[in-house]
Amino acid sequence: MSKRVRIYTPEDVASHKTAGNCWITRENKVYDVSPFLKDHPGGDDMILKCAGQDIGDVMRDKLEHEHSDSAYEMLDDYVIGRLGNDESIIREDWEAPDDFHPDNTDSGKDFEKNQFLDLRKPLLRQVWEANFSKSYYLKQVHQPRHLAESARLFGPDILEITTRTVWYVVPIFWFPIAGYLFLRSLFQFTAPLPGFFADPRLPLSRLSEIPSDSIAKTVLCFFAGNIIWTMLEYGMHRFLFHIDEWLPDHPAFLVLHFLTHGIHHYLPMDRLRLVMPPALFGALQFPFTRLGHLLFPPAAANDILYDCMHYALHHTRLPNYMKEMKKYHLAHHYKNFELGFGVTSA
């Protein structure tokens, strides 16, 4: 894949329009003519006027500057890539229907047309061996594709299985943990408890002795935690997962972007990648949990409802009072990915 010609966007070309860094296009090919400027018979000004643009019409215009067949042949020495497909699936007039079931993507035709990622092969290695620019990656990864079954992310099964999670695993796995933390908070607001690693057991026989003020404090902390989480998920979604302008144009950073959020925009209806796998969430939650214990009282809220709500916004028929929330979120995927960042805040 890395031997294929590199794919750029018109925005890539337009950003190279100086004497020291001059790109042009012709018939969808991209040329870096910076070394040729000083040797151009018509002077470098003729080329710099068209820097960052397509020069097809100018080269054919005999009144502007006549070009011989050899001039066209010389251009081949400066080819650095080609322009990718510029069509867009998302559109500003898109409206989410009540029962949204998009048609499946023809994987073969999609790859032939866009030369981006082949949905029939493991995706992660393709991103790592990317032959496309960051600009083309961002343009394509935000054009939703749909498959009947989850696309493969890794080649080895042992890695692939860690990337897929059915939605009900989240409450099954995390509700007991959340319940334990809630009870622990009740007891800690009542009397000192030994540290978790010293003795994780709870004095459940004293549950009936918990005073009402401890219950009130724990409930208040729970709701405060959910409010804080709502602000955190909005902030991370907008200012971390969508830092497209500051994303370095390097395969390692494209892979990181794809793993953290890009794959969700690329395959937004993938049922097995809409909630966080427990193993991954267990690793990611540790720094947030430690920060929470440093900043707030010892009561916890969690993102079980967030994960389940996110799944519901993609795959269930919601009651009337929640339909606008669903439309708001799906518009982030199919209408304008630079708006509508909140999920639980929708």
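Helices here are DSSP runs of H or I with at least four residues, strands are runs of E with at least two, and both are numbered from the N terminus. What you're looking at is a predicted model: local features need pLDDT of at least 70, side-chain atom pairs count only at pLDDT 80 or more, and totals for chains, interfaces and linings use all residues. Residues are numbered from 1 along each chain as its sequence is written, and side-chain values use heavy atoms, leaving out hydrogens and water.

**View 1. Five strands line up in an open sheet, in the order β1-β5-β4-β3-β2.** The pairing in this sheet is mixed; two strands count as paired if DSSP finds at least two bridges between them. Out at the edges sit β1 (7–8) and β2, each with a single partner strand, so one side of each has no neighbour in the sheet. Further in, β4 runs antiparallel to strand β5 (residues 79–83), with three bridges joining the two. Look for tyrosine 31, which stands opposite valine 79 in β5.

**View 2. Strand β3 (residues 21–26) is largely enclosed by the rest of the structure, because five of its six residues are buried.** Buried means under 20% relative accessible area, exposed means over 50%, and partly exposed is anything in between (1.4 Å probe, protein chains only). On one side, β3 runs antiparallel to strand β2 (residues 17–18), held by two bridges. There, threonine 18 faces asparagine 21 in β3, and the two strands make a hairpin with two residues between them. Strand β4 (residues 29–32) also pairs with β3 in the antiparallel sense, over four bridges. Tryptophan 23 has aspartate 32 in β4 as its bridge partner.

**View 3. Glutamate 27 sits in the turn of the β3–β4 hairpin.** The hairpin has two residues between its strands, and glutamate 27 lies in that loop between β3 and β4. Its phi is positive, about 50°, although it is not a glycine. Buried or exposed? Glutamate 27 is exposed, with a relative accessible area of 58%. For another non-glycine with a positive phi of about 50°, hop over to glutamine 115, in the loop between α5 and α6.

**View 4. Phenylalanine 116 and tyrosine 136 meet edge-to-face.** They are one of 17 aromatic pairs that turn up in a search of the whole structure. To pair, rings of Phe, Tyr and Trp (its six-membered ring) need centres within 6.5 Å; planes under 30 degrees apart are called stacked, over 60 edge-to-face, and the rest tilted. These two rings have their centres 6.3 Å apart and their planes at 85°, which is why the pair is edge-to-face. The pair links distant parts of the chain, 20 residues apart: phenylalanine 116 comes from the loop between α5 (107–114) and α6 (123–128), and tyrosine 136 from helix α7 (residues 134–141). Phenylalanine 116 is buried at 1% relative accessibility, and tyrosine 136 is buried at 0%. Zoom out a little and ring pairs link Phe116, Phe132, Tyr136, Tyr137, Phe258 and Tyr266 into a cluster.

**View 5. Cysteine 22 has no disulfide partner.** In fact, the structure holds zero disulfides, the cut-off being a pair of cysteine sulfur atoms within 2.5 Å. The nearest cysteine sulfur to that of cysteine 22 belongs to cysteine 50, 8.9 Å away. Cysteine 22 is buried at 0% relative accessibility, and cysteine 221 also counts as buried, at 16%.

**View 6. The second largest pocket holds about 600 Å³ of space.** A pocket is an open set of points on a 1 Å grid over the protein atoms alone, where a 1.4 Å probe fits, with protein on both sides within 12 Å along at least five of seven lines; lining residues have an atom within 4 Å of a point. The volume is the space filled by probe spheres set on the points, which are joined across faces, edges and corners. Which residues are closest to the centre? Of the 20 that line this pocket, they are Leu138, Asp244, Glu245, Phe337 and Glu338. Helix α7 gives the largest share of the lining, four residues, while α7 and α10 (212–239) each supply at least two.

**View 7. Arginine 273 lies in the loop between α11 (251–266) and α12 (278–295).** With 14% relative accessibility, arginine 273 counts as buried. Its C-alpha atom is 9.1 Å from that of tyrosine 311, and the two residues are 38 residues apart along the chain.
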